[in-house]
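Here's a quick tour for someone meeting this structure for the first time. Have a look at it, then read on.

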Amino acid sequence: MLSTATIVIAFASSAAAFSPNAVTQTCSSHLSAMPDRKWDTMVDPTARSEALPFLPRPVNLDGTMVGDVGFDPFYLSSIEKDFSGFIQPPQWESKAIPTLYWMREAELKHGRVCMLAWFGWVAADGGFGFPLRFPGELYSVNSVPNSYEAHDLIVSQGSLGFLLIAIAFIEFCTGAVLVEVARGENDREAGDYKLDPLGFLKDKSKEEVDRMKLRELKNARLAMLAFAGVATQSGLGEAYHNFPYF
């Protein structure tokens with residue numbers, strides 16, 4: 001009889017360990033011991049993204065930058081990183097290029113390149129009424145039938161080597177200002193190379209300048225999608241190499 005009572009008491013005490021109070025206390029102790037979540041520093045829990053209202057707003061996308069509508073579904077802009085190490089030796093001091101600055105610089109550069117690339121791809125294929133080519137038999141339609149085949153053909157001809165050197169020189173020169181930014185010697189806006197030969201921004205108010213910058217940014221974003229689309233469509237098969245690519 002005594003042994004039976006002992007067994008019953010043992011089972012009862014074991015069951016008490018899984019009671020709601022015990023589980024709550026255990027969970028609370030585990031949660032209090034956990035480190036702060038990185039997520040809490042990446043979002044603003046009090047605001048929603050303008051572009052993606054079902055997501056919280058990335059903490060760095062507060063709408064102060066031209067073209068900022070809070071579109072960053074992967075929250076890359078919230079990752080703290082110093083990108084100056086990509087353009088200068090690590091032993092240099094006083095270096096700092098924030099994530100958002102680097103990303104806007106990259107967005108504008110890729111967008112500008114794609115605006116030129118899309119126009120060049122379509123123009124060389126006669127999309128504006130006639131094929132726009134460099135003079136000479138080397139670049140004629142007979143030698144280079146379309147833009148899709150141009151890369152391999154121009155590489156085999158040796159012309160692309162000069163283009164590569166020219167682009168490398170431009171990249172080297174434009175990268176110098178980023179070194180100045182990283183060292184705190186220049187406070188330029190991301191993507192601003194003071195290139196305005198036609199004076200579109202001359203004597204304009206800040207509102208008018210921001211409007212022009214927004215137009216460039218929207219066209220740049222559209223061009224990145226457009227160039228990706230035309231390159232992909234052209235590569236679907238031989239029947240799609242020539243304009244209009246379908």
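In helix α6, the buried residues (under 20% relative accessible area with a 1.4 Å probe, protein chains only) are Ser 159, Thr 174, Gly 175, Val 177, Leu 178, Val 179, Val 181 and Ala 182. They pack against α4 (99-124) and α5 (147-157). Keep in mind that this is a predicted model, where local features need pLDDT of at least 70, side-chain atom pairs need 80 or more, and totals for chains, interfaces and linings use all residues. Residues are numbered from 1 along each chain as its sequence is written, and side-chain values use heavy atoms, without hydrogens or water.

Helices here are DSSP runs of H or I, at least four residues, numbered from the N terminus. With 24 residues (159-182), α6 should span 34 Å at 1.5 Å a residue, and its end C-alpha atoms sit 35 Å apart, which agrees; the expected span is 1.5 Å times one less than the number of residues. After α6 comes Gly 184, with a positive phi near 75°.

On to the aromatic rings. Rings of Phe, Tyr and Trp (its six-membered ring) pair if their centres lie within 6.5 Å, and count as stacked under 30 degrees between planes, edge-to-face over 60 and tilted otherwise. There are five such pairs. In one of them, Phe 134 and Tyr 139 meet edge-to-face, 5.6 Å centre to centre with 65° between the planes. Exposed means over 50% relative accessible area, and partly exposed lies between that and the buried cut-off.

| Residue | Relative accessible area | State |
|---|---|---|
| Phe 134 | 63% | exposed |
| Tyr 139 | 25% | partly exposed |
| Met 212 | 30% | partly exposed |

Trp 118, Phe 119 and Phe 128 make up one aromatic cluster.

Technical notes:
Helices (H or I, at least four residues) and strands (E, at least two) are DSSP runs, numbered from the N terminus. Contact means heavy atoms within 4.5 Å.
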